[in-house]
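Please read the sequence and the model shown here together, with attention to the ligand site and to one pair of helices.

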Amino acid sequence: MAISYSAGLAKVLDAAQQQRSSRQDWKSRVRLQDAIGGTAAQDVLSPKSLPEHDTSAMDGYAVRSQATATASPNTPVMFMVTGTIAAGDDPGETRSAGAVTEQDSTSGLHTCVEIMTGARFPNGYDACVKVEDTMPVDGQTGILITKPVPPNANRRVAGSDILRGNVVMRQGDTIQPSHLLPLASLGMDAIPLRQRPCVGIWSTGKEIVKGNGSTRDANGPYLTAAVRDMGLQADFLGVLDDEPASLHAHVEAAAASGQFDVLLTTGGVSRGRFDHVLAVVDEMGAETIFHGLSIRPGHPVLFAMLPGEGAKTALFGLPGNPGAAAACFRFLTVPYLKELQGQARELPVAAKLRRQPGTPGEKRTCSVKPDRDCFQHGILSVSAAGQLMVEASAEQSPFKLSPFKTANCWIHFQPESPESGPGPGLVECYPISPTGAVLLSPRLQN
Ligand code: AMP
Ligand code: MG
């Protein structure tokens, strides 16, 4: 009998953990630009504080804030400019004659130093007044200030961004481009990442091999792209006929090559006369972890561990209908790949389910049964009142692909029981692409 989705997912995650723990040294240093989509193999600590020194946040003049306390339009305070400090100048280096002192010895005027954004603050000065808030006098040798400047104004205090020893990357974090901003500014050019899983993919089906135009391979291109989109390596290995011997030879060779961590097939996992994937993995001495889940779409899905030299290879036998293959990939293969890399489990967002126009009563779009999980694609959007709303695509047949033109999320309808689900009227949603946040659709507003 088919097991539940939650039981199946637990087995998938358990198998991934076992695979991960059999590969403890599975990491390498990767250049920052190549790290996107990878998983941090350990905590990364900041080797220094940022900013390293007090620097100016504005182009202006470094002053002692106390000296500006009485400044007003009627009683402006005059400062003598004793030099200029540009970004990149060494401490104490000024670009014109004149010592950096607090008060000019001959005139008795307060002193200031012209300073550029990012330049190091000279000793003795605690604030920067923006150039726009000053008036030049005597050519450029003096300035007038007409309002008080608070202490620390426009001054970036050393260590105010990142402190030495701070955790800048947690083990298990998935590296995104935005992470490169702190990492690169700390001078890091490479970080330790877990080795990325490599996924081999076949489509199966005589009708697709023949390529007579009636059924084109949708699954191969989709799965290859979706795995690559996760920052992983994906090799499309071709379209296979519904021939057990050829299927056996290809799957066995790929498993024996040691090149793949995960193999995906689509098609040929149901109970039809020409569905041979299960028989082939059985022949190979694989451990079939499940064949059949109480889900819709995708109930015939197969998950097995293939034997091999050293580490085993996971095989997901996904159904052939592209909508079902995509749902099983999203809700079974993606969690396996994330867990294999030690990434955090993905959390859904809760959205209010919009009834489709014409849907009678309170019935959900999915015919939810107490013993079945249902995955539907849909469109997530924000209402005028700021509520996250989701509408399931009107067409959910797993062979109909037109809704994928606009769908931006998957909805997970859980079996109906009082404690399941995120709350009354709410459903769990996941981005349609496993890598990112949901790109909210502007189409549905109410
Ligand atoms: P199967 O799971 O092999 O019984 O296939 C179920 C349905 O999905 C059939 O209508 C197949 O023609 C179709 N199908 C199988 N593989 C693919 C594929 N790679 N691309 C598009 N349709 C497919
Ligand atoms: Mg088939």
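The report below takes up the ligand site and then the helix pair.

This is a predicted model, in which local features need pLDDT of at least 70 and side-chain atom pairs count only at pLDDT 80 or more, while totals for chains, interfaces and linings use all residues. Residues are numbered from 1 along each chain as its sequence is written, chains are lettered from A and ligands numbered from 1 in the order in which they are written, and side-chain values use heavy atoms, with hydrogens and water left out.

Around ligand 1 there are 15 residues, of which E207, D217, A218, G268 and G320 come nearest; a residue counts as near if one of its heavy atoms lies within 4 Å. By class, this shell holds three nonpolar, nine polar and three charged residues, with Gly counted among the polar ones. Both β13 (198-204) and α3 (206-210) contribute at least two residues each to the shell, where helices (H or I, at least four residues) and strands (E, at least two) are DSSP runs numbered from the N terminus.

The polar contacts tabulated here are pairs of N or O atoms within 3.5 Å.

| Ligand 1 atom | Protein partner | Distance |
|---|---|---|
| nitrogen | R216, polar backbone atom | 3.2 Å |
| nitrogen | D217, side-chain N or O atom | 2.8 Å |
| oxygen | G320, polar backbone atom | 3.0 Å |

Taken alone, ligand 1 exposes 480 Å², and the protein buries 75% of that, with areas from the Shrake-Rupley method and a 1.4 Å probe.

The axes of helix α4 (residues 219-229) and helix α7 (residues 322-340), being lines fitted to C-alpha atoms over the stretch in contact, come within 10 Å and cross at roughly 20°. Helices α4 and α7 are therefore roughly parallel to each other, a term for angles under 35 degrees. Their crossing is right-handed, the near helix being turned clockwise from the far one by less than a right angle.

Methods. Polar contact = N/O pair within 3.5 Å; in protein donor to acceptor, adjacent residues only side chain to side chain. Axes fitted to C-alpha atoms, helices over the stretch in contact; angles between N-to-C directions. Parallel < 35°, antiparallel > 145°, perpendicular 65-115°, else oblique.
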